[in-house]
Every structure is written in structure tokens, then in C-alpha cells.
Amino acid sequence: MNALAPQPVTQDVFRSEILRHLTFTVGKDAAHASVHDWRMALSHALRDRIVAPWFSATRRTWAEDRKRVYYLSMEFLIGRILEDASINVGLREIAGAALADLGQDFASVAGTEPDAALGNGGLGRLAACYMESMATLGCPAYGYGIRYEHGLFRQEFNGGHQVEFAEDWLSQKHPWEFERPECAYDIGFKGQVEVKGGRSVWHPGESVRASAFDTPVVGWAGRWANTLRLWAAQPTQHFDLKRFNRGEYTAAAEPETLARTISRVLYPEDTTHEGKELRLKQEFFLTSAAIQDILRRYLDTHSDLRALPSKVAIQMNDTHPALAGPELIRLLTDAHGLPFEEAIEIARSCLGYTNHTLLPEALERWSTWLMGNVLPRHMQIIERIDEDHLASHPKRKHYVGIVKHHEVRMGELAFIMSHRVNGVSALHSDLVKERLFPELHALHPDRIINQTNGVTPRRWLRMANPALSSLVTNTIGSGWEDHLDRLRELEPHVEDRGFRDAFAAAKRANKAATSNWVAETTGVRVDPGALFDVQIKRLHEYKRQLLNILQTISEWHEIRENPQADFVPRVKIFGGKAAPGYVVAKEIIHLINDVAEVINNDPAVGDRLKVVYPANYNVSMAERLIPASDLSEQISTAGKEASGTGNMKLALNGALTIGTLDGANVEIRDHVGAENFFLFGLTAHEAVERRNDPEHSRHAIEACEALQVVLQLLAEGRFSPDQTDRYLGIVDRVWHHDYFLVASDFAAYRDAQRRVDDAYRDPDGWARMAALNTARMGFFSSDRAVRGYMKEIWKTTSAL
Ligand code: OAK
């Protein structure tokens, strides 16, 4: 008998497993256990149930000598694990009942789990969705990341300002991980390169140890599980007992403190490039540990490194792990003696690069000085890659290489070192070809492909929205969770009034629950019957939270001007963090909070308009807000949002989109139908043209009286009575430095909001549109996206 095969789970069995862990893992008596203790006991009991599929998946991968996917990412924005894992292993109900027997409530216990916030936004959350889909699809894979001690900062508002606090998710034990002290690699920095017997030998001047922590990631129905391997930095030197005994306590601890710095904090920049040596060290730390681990695993059972690409696919999540190319070449040549020409081809066949942004400030560049200083051998290899590439295309006039103007361009490096480069929506992939890498695209016309993003329906529908999930299952049966296209089967039911009423009732129930939560967290009472208009995402000028709040001001003004008119009641909900150094984004946060203060306390407005901005938006808050949303704000300046994934989660949960033709909005609109989407604004190409008119804002403002009024109110200090000039800067930007075309799109946006109001006045018509959104969003499952990567980039098949 297989000792690992757990007993079939019944409520009684599972209850005793929880109790066993409470006693022997947590060391507590039930009579004195806190909610935290119960969560630990429950998590361990659940983790036990994940170990069996995890081991069998690992064994099969070894036994069948399968190709593995290695997903390298500086960010994994996982959120909470407990409930998601319990759903995937089919134990959510049993766990709830077993806990109830023990006098505990599942939601309260699971609600104490801190979010694993090892990411900033879209790129990190996408990595988490893809890990879950790879497990669901039985695609053997490892995620490689950094085990940051402090994840994304906690946001609070103080007088409307964003204030940041260190996040401390590891202050409680993280029950999902297995520490692997035996799995560790030395990571070098600085030093010199020596040539010896025809080979280069790098003698690093400093080193730290990367030590592995593994978290199993279980897929739907517990059929497969993969590993998320996060590296923690530790000192390579032994503790200096001599210094300690001399009383030099701080000095003795120094090596440890210095080493740990590398995995101490997640950089809270979601697009701008943080030019610090520490960031470069973090990137190399992750990449080198991953590449060493990949080669070690391969060489356990193979000897011919030329066949590496038949067993190894490495995906670089944007350019942060782009040193994977040079590091792999270094190990293949310097450590294993392969010729450079062969090493570069092997590396390229293994590597793929996903681009997640076109914003110029987000394209990583390192000075050759810094690169040469921190990674002298890699700098040599990068120059060699560049020369090699140039030599194979000698006739190009405008050669765009990797090293230019004393900078190493990581996008070009990632491109040249990958056999496939992909964008994350159809529009974005076109723009990657046209705007980002036109020269390289001309040289390698088959290299850039598209893989439109997706989101996991297990977390973002099944778990986050039990009311809608039950309705879907009751209507079309189960099985949609891993075949999301099956949501199409809802379409005929949308014609049924009973179904539409049930759909609207589910939304209404979610809104009622969220209204209570909003009141508790912000102190603002909102009417669950109002239209919930939601913009949740990082704070960025290109995402245009400013456009939204200016329109809100306009709406407020109209209510005051026409107190008797019939307004559709709205709750404007904002959520999101600004990078701590991003002054303009923080000013916009302040403005939203100031506007909220005025509007929410204006008796002339009452319940017709409320503005709420709960602090510290994170994955858990998204799970709470998305099911309760009626309207999804996807209003970025066209050409700037690579894809968006919040747009997908919201539409899947029956929110209608008001949006521009940007990122994946274009495809969402194609799928849900133009009549079920509120489109407005300039297209990506029109936006570029518009900027050719140096007076574009003035022209737009002069043509729109409503916008003039809004800017006037801001300039008068109506939202900052304590400091009337507070928003002069913002007014000036809209007038004179409106790169993101807020003024140019304002009138069209306001118009689209009118169409929203008109549609919402017909509740049944709205329910039909909302239900059609849900029914037609099946394409946006991350399972579809990951299948695309498997087929087009990784050349691998499912083991299931
Ligand atoms: C973060 C840092 C550097 C470069 C890009 C990012 C990032 O988060 N980009 C976002 O990636 C998401 C996933 O592909 C997209 O949906 C967002 O549009 C994009 O901004």
C-alpha cells in the first residue's frame, strides 16, 4: 500500500486531521487555540492533501523524462492560498463542515491569511494565474522567483495622502512552503575575469547563497501539482564567532545582514526602472539560481547539453530575468566547455521572452559601467552576443543592438537571446512589432508572436463569486471551471427572464455584502441599488484615474445644478497603489480622496453619488470588489495598456466595460459584442496623431464646456478648501502637459457615461448585457493562454 495515498476524505476524517495538526504541528489545545492556530492547522491538513498529487506529478515527470517549463519572474502576486487550494482539491465544503464541527467558521479563519503580495500588479498576478493553469493542464513546470521578506507595501491614507508601511507577511509562519536548505547555490558578483587554458574563469569578489523554499501549486480537481520555488538570500560565510566573542556583535552579524538585503524587499515600481545596484543584483540572484538549478536537474539524468532544449523551456517574464541568456551561455562555455556558437544556439532554443509594456520608462537599461562592475563576465558575454548578432546581419543600416550609448538594453538582449518573443494582447503584439522592435522584427519576422493574457476562472469566478458560480453550475452543470468556453452554453438561457432575474439577484447579493464591507472599511454608507462603477488597478497617469475623477466632478456639478433631475445613482469605487516615488500619481490619489470628502458630505447629493477609495488594494480586495461591480473602468490612453487582466476578471463576473480600444479591451469587445461594451475615445493611432497638434489640450478644453467647469472648480480649490492652490499643478498639466490625452478624450468619455446611465435605467436590459458578458468571456481563461504558450513557444504537451 502506498503510504502517501491519503485516506478518502470525509468530514470526520478531515476534522481529525485538523485536530492532529493543531496538536502536533501547532502545539495547541483546541480549548486555547486562536483563529491563527486554527488557520495553521487547517492549512497543514490541506497541504497534506496536496502532497500526494504533487509527488505523483513529480515522479511521472522524472519517469517519463518530460520536458519542463521554467517560468522566471521577479514577481508572483499570489494572494491568499487557503481557500483557492481547498477548492482545487475539492475539499472546500468538507473543510467548512469539519471546521464548523470544531466551532470555527471557514471564512473567518481563511480571512486571517495574509496575502502573499510578492508582486506589484499585472505582470505578477499573471504569473500566479499561469502557475495555476499550468498545474490544471498538467504541464510540468517550475516557477522561479524571490522569497521577499517584505512584499508590496501596505497603503494607508493620511489626510488623503498615500502613506506606505512595510508589509510583513512572513511575521507569521507561512504554512504552505517547504524549506529546502540542501538546495542552495552560490551567486557571485563583481570581481575579475581571468583567461586560463583558453577558458574564461570568473572570480567573483562577493557572493551570497540562494536557498530554496518550495510551495506546491495544485491545479483544478487536484489532478496535477507543480512547484513554485522561491529563493532566499543567505550569507556564504560562516558566522564569525571570533568577532562575536570579542564583543563585536553587530560586526559578527554583518555578512548575514548584507546577504539578506538581496531578498529583503520587492521593488514597488510597477513600470519605471529602478536604477539601483541592488535591483540588478536581485535580478541576477533570481536568474543565476534558477539557471544553476535547471542545469543541475537536467544533468542528473542527461549528459549531452546539446539536447537541453528538448527538455527545458525557460520563459522570461519581461526583461527582469533577461540575464538568463548570458548566464546560461556562461555556464555552458566556462563551466562545461561548449563553444560559444553552440552555447548561444542552445540558450536561444530554450528561451522565450514575454514583453509586458511599451512605456519607454519601463524598458530596462543598465549602464555598461554598472553591468561591467557587478557582472564583469556577463558584460563580456553580452558584448559577444551583440557582435555575433551584428556579424550575422552585416548589411543593416540602422542596426539596433544591445549595447548602445554606454547602456545595456535588456529588451534587445532578451529579444536576441529568445526563439520567441510575445506580446500579451493582439494590439500590443502589433505595437511591439511596429514601435518597440521594428528593426529586430525586420531581421526576425517570425520571432514576435501574440499570446493574449488570461485569468484563472478557479480563483476569479468559482472562488471569488460563489453566488454567480452556483447559478452557472445550476444552469449548465459543472465542468466549466476547466473548460471555460462552456460558458457559451449560458447564452440560450440569457433569453429566459427567470435566468436574468437570477443573474441580477446574484449581483445584487454581492453588492449588498460589499456595501457592508465598504461601510466598515471606509465609513461611507452606499446604496446597493446604485450602479457600482469600479476602477481598480495600479495608479498610473496612462491608466487615467484622473479622467475618471474629473468626470465624477462633472457629474457632481450637474447634480447640484439640476437637483430635480432624474440621476442614476452611482458609487464610484477606486482601488490601487502608486509607486512611492511617483509624485503625480500620489497627487491624483490625494485628489480622489479630497473629491470623495466633498461629494460624500454634500447633502444636495445624497445617495445619488458616492466616491469610495478603500486603502490597500490587493488581490483579496479584488476578489471582494470584482463580483460586486456593474461597470468596469478600462480607460487607458490607447496604445499604452499592454493588455490588462482586471478587465477580463470584471467582464467574466458580469461587469460591463467602459473602455478605449486599448490592450485586450479590443478582444474583449469582439467577444462580448460591441453592443455590450461602452466604447469611447481615440484609437492608438489617432492618439499619436493627436499629439502632433501642440495645442491639442487647449482645443479639447475650449470645445467642452463641462471640462472647463471642472478645471475651474479645481483651480478655485473647491476640493481643497484648506489649501486652495493644491490642484493648480493638475490643472496646469491638463492644459499644457497632457501627454495622456485626458482633455482630448473627456467629452467622449462623458458621453459614454451617459450611455451607461441610460442602459442602467433598464434593469432587465442591463442584466441581459451583463449575462452575455459572462457567457462570452470563456476565451479569456488562462488555460487557453497557457495552451498557446505550450504549443507555440514551449513545444510541450500535457502529462495528463
Ligand atoms: C511591470 C513591470 C515592468 C514591465 C511591465 C509590468 C507590468 O505589470 N505590465 C502589465 O502586465 C500585465 C500582464 O501582461 C498587463 O496586463 C498590463 O497591461 C501591463 O501593464
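Start by selecting Arg690 and looking at what surrounds it in this predicted model. Leaving out residues up to four places away in sequence, Arg690 touches Leu682, His696, Leu741 and Ser744. Now pick Leu741 as well: the two residues are 51 places apart in sequence, but their C-alpha atoms are 8.4 Å apart in space. Colour helix H26, residues 684–690, and you'll find Arg690 in it. Is Arg690 buried, exposed or partly exposed? It counts as partly exposed because it has 19 other C-beta atoms within 10 Å, and a buried residue needs 20 or more.

Next, jump to helix H31, residues 763–775. Its 13 residues reach 18 Å from the first C-alpha to the last, close to the 18 Å expected at 1.5 Å a residue. Show the side chains of Trp766, Met769 and Leu772, which are among the buried residues of H31. Asn773 and Thr774 are buried in H31 too. Which helices and strand do those buried residues pack against? Light up helices H19 (491–494), H20 (497–522), H24 (646–652), H25 (665–672) and H30 (742–760), plus strand E23 (656–659), and you have the set.

Time to zoom out and colour by domain. The domain assignment gives domain 1 as 1–64 + 88–114, domain 2 as 65–80 + 115–452 + 786–794, and domain 3 as 528–763. Put domains 1 and 2 on screen: their centres, taken over C-alpha atoms, are 33 Å apart. Where they meet, 17 residues of domain 1 are in contact with 21 residues of domain 2. On the domain 1 side, H2 gives the largest share, with 10 residues. That side is made up of 8 nonpolar, 6 polar and 3 charged residues.

Now select the ligand and the residues around it. There are 18 of them, and Gly122, Leu123, His356, Ala642 and Ser643 come nearest. Which domains does this shell draw on? Domain 2 and domain 3 each supply at least three residues. Colour the shell by class and you'll get 5 nonpolar, 10 polar and 3 charged residues.

From there, go to the largest nonpolar core. Nonpolar side chains tend to be buried together in soluble globular proteins. The core here has 233 residues, and Leu42, Tyr70, Phe285, Ile314 and Ile592 touch the most other members. Helix H6, residues 122–137, gives the most to this core, with 10 residues. Pick Phe285 to see one of those well-connected members from the inside. Beyond its neighbours within four places in sequence, Phe285 is in contact with Ile187, Val208, Ala210, Trp231, Ala233 and Ile262.

Two backbone oddities make a good last stop. First, select Asp65, in the loop between helix H2 (35–63) and strand E1 (68–72). Asp65 isn't a glycine, yet it has a positive phi of about 50 degrees. Is Asp65 buried or exposed? It counts as exposed because it has 10 C-beta neighbours inside 10 Å.

Then move to His406, in the loop between strand E15 (403–404) and strand E16 (407–409). His406 isn't a glycine either, and its phi is positive at about 60 degrees. With 10 other C-beta atoms within 10 Å, His406 is exposed.

Terms used. Residues are numbered from 1 along each chain as its sequence is written. This is a predicted model: local features need pLDDT of at least 70, side-chain atom pairs count only at pLDDT 80 or more; totals for chains, interfaces and linings use all residues. A nonpolar core is a set of buried Ala, Val, Leu, Ile, Met, Phe, Trp, Tyr and Cys residues joined through C-beta atoms within 7 Å. A residue is buried if 20 or more other C-beta atoms lie within 10 Å of its own, exposed if 12 or fewer, and partly exposed in between; C-beta atoms are placed from the backbone. Helices (H or I, at least four residues) and strands (E, at least two) are DSSP runs, numbered from the N terminus. Two residues are in contact if their C-beta atoms, placed from the backbone, lie within 7 Å. Domain bounds come from an automatic or database domain assignment. Ala, Val, Leu, Ile, Met, Phe, Trp, Tyr, Cys and Pro count as nonpolar, Asp, Glu, Lys and Arg as charged, and the others, Gly among them, as polar. A residue is near a molecule or strand if its C-beta atom, placed from the backbone, lies within 6 Å of it. The expected span of a helix is 1.5 Å times one less than its number of residues.
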